[in-house]
Amino acid sequence: MTSFFLALTFLFSGTTFITLSKRDNNKQYQNAGILLTVAGAILLLVSMFNH
């Protein structure tokens with residue numbers, strides 16, 4: 001159950017970073033957001049199949 005909430009946190013922060021990168025036109029924010037979103041999606045899949 002903890003990994004599920006961790007995955008949601010990663011997804012939320014990743015999409016927030018992507019939104020910030022579009023506002024500030026910052027490539028580092030965009031890269032961090034993409035990595036966090038992908039990590040959150042993978043963790044969400046793992047937590048769904050590993051219950």
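**Figure 1. T16 in helix α1 of the predicted model.** T16 is partly exposed, with a relative accessible area of 31%. The structure shown here and in the legends below is a predicted model. T16 has its place in helix α1. Its C-alpha atom is separated by 9.9 Å from that of L36, although T16 and L36 are 20 residues apart along the chain.

**Figure 2. The whole chain, with its two helices.** The chain contains two helices and zero strands. Helix α1 covers residues 2-24 and helix α2 covers residues 27-49. Taken along the principal axes, the C-alpha atoms fill a box of roughly 40 × 10 × 10 Å. Of the 51 residues in the chain, 16% are buried. The exposed area of the chain is about 3900 Å², and carbon and sulfur atoms supply 70% of that area. Among contacts between residues at least 6 apart in sequence, 52% join residues at least 24 apart.

**Figure 3. Helix α1 from end to end, and its buried residues.** Helix α1 has 23 residues, which at 1.5 Å a residue should span 33 Å. The C-alpha atoms at the two ends of α1 are 33 Å apart, so the span in the model agrees with the expected one. The expected value is 1.5 Å times one less than the number of residues, because that is how the span of a helix is defined here. Within α1, the residues A7, S13, G14 and S21 are buried. Helix α2 is included in what covers the buried residues of α1.

**Figure 4. The surroundings of S21.** S21 lies in helix α1. The relative accessible area of S21 is 6%, and the residue is therefore classed as buried; the cut-off for this class is under 20%. Which residues does S21 touch, not counting those up to four places away in sequence? They are N26, Y29 and Q30. Of these contacts, Y29 belongs to helix α2.

**Figure 5. The aromatic pair F17 and Y29.** A search of the whole structure finds two aromatic pairs. One of them is formed by F4 and F5, an edge-to-face pair with 5.6 Å centre to centre and 70° between the planes. In the pair shown here, the ring centres of F17 and Y29 lie 5.6 Å apart. The planes of F17 and Y29 are at 70°, so this pair is edge-to-face; the class requires planes over 60 degrees apart. F17 in helix α1 and Y29 in helix α2 are 12 residues apart, and the pair links distant parts of the chain. F17 counts as partly exposed, at 29% relative accessibility. Y29 also counts as partly exposed, with a value of 32%.

**Figure 6. F4, F5 and the nonpolar surface patch.** The rings of F4 and F5 form an edge-to-face pair. F5 is found in helix α1. Is F5 buried, partly exposed or exposed? At 46% relative accessibility, F5 counts as partly exposed. F4 counts as partly exposed at 32%. Both residues contribute to a nonpolar surface patch of about 420 Å², which is made by M1, F4, F5 and L8.

**Figure 7. The salt bridge between R23 and D24.** How many salt bridges does a search of the whole structure find? The search finds one. R23 and D24 form a salt bridge in which the closest N and O atoms are 3.1 Å apart. Side chains of opposite charge can pair when their charged atoms come close. R23 counts as exposed, at 63% relative accessibility. D24 is partly exposed, with a relative accessible area of 40%.

**Figure 8. N25 in the loop between the helices.** N25 lies in the loop between α1 and α2. The position of N25 is just after α1. What is the phi of N25? The angle is near 55°, a positive value in a residue other than glycine. The relative accessible area of N25 is 73%, so the residue is exposed; this class begins over 50%.

Methods: Residues are numbered from 1 along each chain as its sequence is written. This is a predicted model: local features need pLDDT of at least 70, side-chain atom pairs count only at pLDDT 80 or more; totals for chains, interfaces and linings use all residues. Side-chain values use heavy atoms; hydrogens and water are left out. Rings of Phe, Tyr and Trp (its six-membered ring) pair if their centres lie within 6.5 Å; planes under 30 degrees apart count as stacked, over 60 as edge-to-face and the rest as tilted. Buried means under 20% relative accessible area, exposed over 50%, partly exposed in between (1.4 Å probe, protein chains only). Helices (H or I, at least four residues) and strands (E, at least two) are DSSP runs, numbered from the N terminus. Contact means heavy atoms within 4.5 Å. Patches are made of residues with over 30% relative accessible area and no salt bridge: like charges are joined within 9 Å, nonpolar side chains (Val, Leu, Ile, Met, Phe, Trp, Tyr) within 5 Å. Accessible areas come from the Shrake-Rupley method with a 1.4 Å probe; for residues, only the protein chains shown count as cover. A salt bridge is a side-chain nitrogen of Lys or Arg within 4 Å of a carboxyl oxygen of Asp or Glu.
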